[in-house]
Amino acid sequence: MKLFGIFALFAATIAFSATGDPVRSANALGPANAPVTIEFFSDLQCPQCARYEPIVKSLKDEYGDKVRMVLRHFPLSTHEHALPAAWAAEAAANQGKFWEMVEALYKNQWIWAKAPAPRAAFLDLAKQLGLDLDTFQKDMDNQDVRDRIGLDQAHAQSVGVRTAPSVVINGSNIPNTDFSETGFRAAIKAALAKTSQ
């Protein structure tokens, strides 16, 4: 990473830390003071992430304001277009369409994942979502977008996340063996029980 990039990431980290919550509201579902926070670490090109994210989201809905779900970017180097897809999601977040873009990216992985130029597919999705395309393109290339993804990756390292998908509930990593609706529900219930003690 270039020296300027390191300073930019450091400055962004300070700015985010000053708010007391390193999560943008656009990237979270549920109240910031919910007793349970589910962090879903996602690679938007990962088929397993596309499979598990809707399960986690439906459980968040089931528990209402007791649970907050945060999607954090964890693009894997093995997926060629995962990082540009994260840029697209963050650019959409700037126009209030983060979750809509994430869903569209998951559903359309088969189109853009192997495309030689995925940006055209991202622009098409942005158009379908009614985004301002000029702003979307500028934001995809904006350093702020890259810094936000860098912060998610730094946070992942701090909580021991090594791959995607990964799920962390109130700071505890959920083992892959528990990646199911039943396993996630049990972890949520256990976290809720701890917070009520």
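The following exercises, with worked solutions, concern helix packing and cysteines in a predicted model.

Local features require pLDDT of at least 70 and side-chain atom pairs count only at pLDDT 80 or more, while totals for chains, interfaces and linings use all residues. Residues are numbered from 1 along each chain as its sequence is written, and side-chain values use heavy atoms, with hydrogens and water left out.

**Exercise 1.** Determine how α2 and α4 are oriented, and which residues make their contact.

*Solution.* Helices are DSSP runs of H or I with at least four residues, strands are runs of E with at least two, and both are numbered from the N terminus. Step one concerns the axes, which are lines fitted to C-alpha atoms, for helices over the stretch in contact, with angles from 0 to 180 degrees between N-to-C directions. Those of α2 (residues 47-63) and α4 (residues 98-107) come within 10 Å and cross at roughly 140°. Step two applies the classes: under 35 degrees is roughly parallel, over 145 roughly antiparallel, 65 to 115 roughly perpendicular, and the rest oblique. The pair α2 and α4 is therefore oblique. Step three lists the contact (heavy atoms within 4.5 Å): C49, A50, E53 and K57 of α2 with W99, E103 and Y106 of α4.

**Exercise 2.** Carry out the analysis for α4 and α6, and classify the contact residues.

*Solution.* The axes of α4 and α6 (residues 118-128) come within 10 Å and cross at roughly 130°. Helices α4 and α6 are therefore oblique to each other. In α4, M101, A104 and L105 meet F122, L125 and A126 of α6. These residues divide into six nonpolar, no polar and no charged. Here Ala, Val, Leu, Ile, Met, Phe, Trp, Tyr, Cys and Pro count as nonpolar, Asp, Glu, Lys and Arg as charged, and the others, Gly among them, as polar.

**Exercise 3.** Establish whether K57 is buried or exposed, and which residues K57 touches.

*Solution.* K57 lies in helix α2. Buried means under 20% relative accessible area, exposed over 50%, and partly exposed in between (1.4 Å probe, protein chains only). At 17% relative accessibility, K57 counts as buried. Leaving aside residues up to four places away in sequence, K57 touches L29, M69, W99 and E103.

**Exercise 4.** Explain why C46 and C49 are not joined by a disulfide.

*Solution.* A disulfide is a covalent bond between the sulfur atoms of two cysteines. The criterion is a pair of cysteine sulfur atoms within 2.5 Å. The closest cysteine sulfur to that of C46 belongs to C49, at 3.2 Å, which is too far for a bond. A search of the whole structure finds zero disulfides. C46 is buried at 2% relative accessible area, and C49 is buried at 0%.
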